Amino acid sequence: MATNSLTEGSRDPGHLTRPLPAPGSPRKGRTSPGLTLTAAMLGFALITLDASVVNVALPAIGDSLGGGMSGLQWVVDAYTLAFAALMLSTGALSDRIGATRAYAIGIAVFTAASVACGLAPSLPVLIGARVVQGVAAAVVLPASLSLVRQAYSDAAKRARAVAMWAAGGSVAVALGPVAGGALTTAWDWSGIFFINVPLGAVALVLLLRAPRSERRPAPLDVPGQLLAVLTLTAVTFAVIEGGTTGLIALAVAVAAGAAFLRTEARQPHPVVPLGLFRDRTVAITVAAGAACSVAFYGLVFVFSLFFQEVQGRSALWAGLMFLPMTGLIAVTNVFAGKLAARVGPRTPMLAGQSLAVLGLLALLFTDASTPALALAFLMVPLALGCALTIPPLTAAMMEAVPADRAGLAAGVLNSARQVSGGLGIAAFGGLVAGDFVAGMRVSLLIAAGLLAVSGVATLGLRRGR
């Protein structure tokens, strides 16, 4: 899901290190950097919000459209997987057609898909519309950051603007569960999608004051991108569906994955440069980011259902239960970034992963009778731990790669985190489909184990800055 956000990296998933295009527009003299920044922030917040707002509405969606646990998992993962897989290439696409045009197309398609989601008469239609939302979100993310970067020619002002853009994602993470609960309670589950329509319209109106972006040549690895989508979709299908169908999907995933590795090894401009992973720092930071995503997104998914299905709470109440954990993320992100700049990434990463593991283990003792206030605060250590880990690991990865590969590396990191979160939801959803509390505890142990392993791996990072 900015460098200081649990959702995305503030590095451009496209081509961060290329020279900034000269700000220019047919509407010379009428452009506004402030309005451009607002438009970009709003788009980023929208796509971030949609990754989390749906979780609290899942029981209502299930009651209305049916589909069982696997159907609800696909409502979340259809968006996440399309977003994550295509983010590998959409930075280059934004360069090729211009960030302004890419952003406008992305927001327009996202808004239209939101309407389709809200009007969906069946679960398959909703899942299909969620895929389209994810595709559009993958276009919006790099384009929105490019808009911010081109709007400010001064480096200091640009850095502050990027920080504000990142803050928009953090705020969206905090508001997602609460907004989902409030809209589902006051309206119904369709409200979480219809709210995107006026916000998307405002973003497009603000875009009228943005300078037109130059088009720049950027290579596209179409075979690699298609194979990546096929591999990730097949893996997720295998985890969610299981049985004979799942085994067939797993075989497809293995074949597609092998073809992907072979293709990427031969491509002059691969979407995933395999050589990146020869660097120990890159491998460790990607692993730690993936473990955090499995734990964080998996917990939000499982406990959104737990509060309503097991404890019988309302959607609004379930959303409010997440407020203590999500509300502290942005502050912790900023602190973690400053701490990493002072002492290096290794120490805050170790502290963050250790805190997250302890938080997950503490949640093992919760059940249907656990008081609401206790549950709300028991989830805080996991969120704080992940928020303490993500900015330092992002900074460590950016320092480990050549400058001309910084944007590409950021795209790989963010895609890995999003995919891992989706797979975590797929796996944990299957575990809680039977005995919910028992499955929840197994899920917590798996997440804690992954974070413990990545924490041990983090010991291999160089000390200091």
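These are my notebook entries on two helix pairs, a salt bridge and a glycine that I looked up in this predicted model.

**Entry 1: α3 and α7**

I began with helix α3, which covers residues 99-119, and helix α7, which covers residues 196-207, and I found that they pack at an angle of about 165° with their axes 9 Å apart. Because angles over 145 degrees count as roughly antiparallel, I noted α3 as roughly antiparallel to α7. I also looked up the handedness of this crossing, and it is left-handed.

I then went through the residues that meet here: α3 brings T100, Y103, A104, I107, A108, F110, T111, S114 and V115, while α7 brings N196, V197, G200, A203, L204 and L207. Sorting the residues of this contact by character, I have 10 nonpolar and 5 polar, with no charged residue in the contact of α3 with α7.

**Entry 2: the salt bridge**

Next I asked how many salt bridges the count comes to. The count comes to 1 salt bridge, and I found it between D50 and R130, whose closest N and O atoms are 3.1 Å apart. D50 lies in helix α1 (residues 33-65) and R130 lies in helix α4 (residues 123-151), so the pair ties together parts that are 80 residues apart in sequence. I checked whether these two residues are buried or exposed, and both D50 and R130 are buried.

**Entry 3: α10 and α14**

For a second helix pair I turned to α10 (residues 280-310) and α14 (residues 346-363), which pack at an angle of about 30° with their axes 12 Å apart. Since angles under 35 degrees count as roughly parallel, I wrote down α10 and α14 as roughly parallel to each other. α10 passes α14 in a left-handed crossing.

In the contact itself, A288, A295, L299 and F303 of α10 meet M349, Q353, L360 and L363 of α14. I sorted these residues as well, and the contact of α10 with α14 divides into 7 nonpolar and 1 polar, with no charged residue.

**Entry 4: G180**

Last, I looked up G180, which lies in helix α5 (residues 155-186). Its relative accessible area is 0%, and I therefore entered G180 as buried.

Which residues is G180 in contact with, leaving aside its neighbours within four places in sequence? I found V53, V56 and I192. I also noted the separation of G180 from V54, for these two are 126 residues apart in sequence and 6.2 Å apart in space, taken from C-alpha to C-alpha.

How values were computed: Residues numbered from 1 in each chain as written. Predicted model: local features only at pLDDT ≥ 70, side-chain atom pairs only at ≥ 80, totals over all residues. Heavy atoms only, no water. Axes fitted to C-alpha atoms, helices over the stretch in contact; angles between N-to-C directions. Helix = DSSP H or I, 4+ residues; strand = E, 2+ residues; numbered from the N terminus. Parallel < 35°, antiparallel > 145°, perpendicular 65-115°, else oblique. Left-handed = near helix turned anticlockwise from the far one by under 90°. Contact = heavy atoms within 4.5 Å. Nonpolar A, V, L, I, M, F, W, Y, C, P; charged D, E, K, R; others polar. Salt bridge = Lys/Arg side-chain N within 4 Å of Asp/Glu carboxyl O. Buried < 20%, exposed > 50% of the residue type's maximum accessible area, 1.4 Å probe, protein only.
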